[in-house]
Amino acid sequence: MDGVTVLLPVFNGMPYLRPALESILNQTYRDLEILVINDGSTDASADYLASISDARLRVLHQSNQGLVATLNRGLQEARHAWIARMDADDLATPERIA
């Protein structure tokens with residue numbers, strides 16, 4: 001497998017976003033692009049995402065367009081052919097991607 005893009009749309013995801021993102025950052029499979037699309041959040045989601053320093057994380061911001069439009073954008077922006085879907089309130093086991 002040649003890399004995986006984890007597509008994570010966010011709309012007002014706090015306080016669930018922190019443990020969700022940490023569960024993806026702590027995957028045993030390391031060849032990841034973590035593509036977070038902030039869909040116009042009005043809570044602290046954007047501030048939290050800006051505080052994360054990890055080369056695998058790519059954050060895009062847009063005005064609120066809804067889940068389907070956000071996912072379609074994510075598919076267009078993904079750098080890998082393999083896509084794993086994740087929501088801002090999901091938790092992934094350490095070997096989910098592996």
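What percentage of the 98 residues of the chain count as buried? The points below begin with that figure and then go through the chain part by part.

1. Burial overall. This is a predicted model. Of the 98 residues in the chain, 44% count as buried. The accessible surface comes to about 5,300 Å², and carbon and sulfur atoms account for 51% of that surface.

2. Elements and overall form. The chain has 3 helices and 4 strands. Read from the N terminus, the elements follow the order β-α-β-α-β-α-β. The radius of gyration is 12 Å, close to the 13 Å that the globule rule gives for 98 residues, so the chain is as compact as a globular protein of that length. Along its principal axes, the C-alpha trace spans about 35 × 25 × 20 Å.

3. Contacts and charges. Take the contacts between residues at least 6 apart in sequence: 77% of these join residues at least 24 apart. As for charge, the chain has 8 positive and 13 negative charges, and the mean positions of the two groups are 3 Å apart.

4. Strand β1. This strand covers residues 4–10, and 7 of its 7 residues are buried. In a regular strand the side chains alternate between the two faces of the sheet. In β1, Val4, Val6, Leu8 and Val10 point one way. Thr5, Leu7 and Pro9 point the other way, and the residues of both groups are all buried.

5. Strand β2 and its pairing. Strand β2 covers residues 32–39 and runs parallel to β1, to which it is joined by 7 bridges. Two residues of β1 show how the strands line up: Val6 has Ile34 as its bridge partner in β2, and Val10 stands opposite Asn38. Like β1, strand β2 is mostly covered, with 8 of its 8 residues buried. Leu32, Ile34, Val36 and Asn38 point one way from β2, while Glu33, Leu35, Ile37 and Asp39 point the other way. The student should note that the buried residues of β2 include Glu33, Asn38 and Asp39.

6. Helix α1. This helix covers residues 17–25, and its buried residues are Leu17, Ala20, Leu21, Ser23, Ile24 and Leu25. What do these buried residues pack against? They pack against the strands β1, β2 and β3 (57–62), and also against the helix α2 (45–50).

7. The loop between β1 and α1. Two backbone features in this loop deserve a look. Most residues other than glycine have a negative phi, and most peptide bonds are trans. Asn12 lies in the loop and has a positive phi of about 50° although it is not a glycine. Asn12 is partly exposed, with a relative accessible area of 28%. Pro15 is found in the same loop as Asn12. The peptide bond from Met14 to Pro15 is cis, with omega near 5°.

8. Two residues of helix α2. Ser45 and Asp47 both lie in α2. Is Ser45 buried or exposed? Its relative accessible area is 0%; a residue counts as buried when that value is under 20%, so Ser45 is buried. Asp47 has a relative accessible area of 60%, and the cut-off for exposed is over 50%, so Asp47 is exposed. Leaving aside its neighbours within four places in sequence, Ser45 is in contact with Val10, Asn12, Gly13, Met14 and Leu17. Among these contacts, Val10 belongs to β1, Asn12 lies in the loop between β1 and α1, and Leu17 is one of the buried residues of α1.

9. Distance in sequence and distance in space. Three pairs can be set side by side, each taken C-alpha to C-alpha. Asp47 and Leu67 are 20 residues apart in sequence and 21 Å apart in space. Ser45 and Gln76 are 31 residues apart in sequence and 22 Å apart in space. Ala81 and Asp2 are 79 residues apart in sequence, yet 8.0 Å apart in space.

10. Ala81. Where is Ala81 found? Ala81 is in the loop between α3 (67–77) and β4 (82–85). Ala81 has a relative accessible area of 76%, and a value over 50% counts as exposed, so Ala81 is exposed.

Notes:
Residues numbered from 1 in each chain as written. Predicted model: local features only at pLDDT ≥ 70, side-chain atom pairs only at ≥ 80, totals over all residues. Heavy atoms only, no water. Rg over C-alpha atoms; globule rule 2.2 N^0.38 Å. Buried < 20%, exposed > 50% of the residue type's maximum accessible area, 1.4 Å probe, protein only. Contact = heavy atoms within 4.5 Å. Areas by Shrake-Rupley, 256 points an atom, 1.4 Å probe, with all protein chains shown as cover. Lys, Arg positive; Asp, Glu negative; His and termini not counted. Charge placed at Lys NZ, Arg CZ, Asp CG, Glu CD. Pairing = 2+ DSSP bridges.
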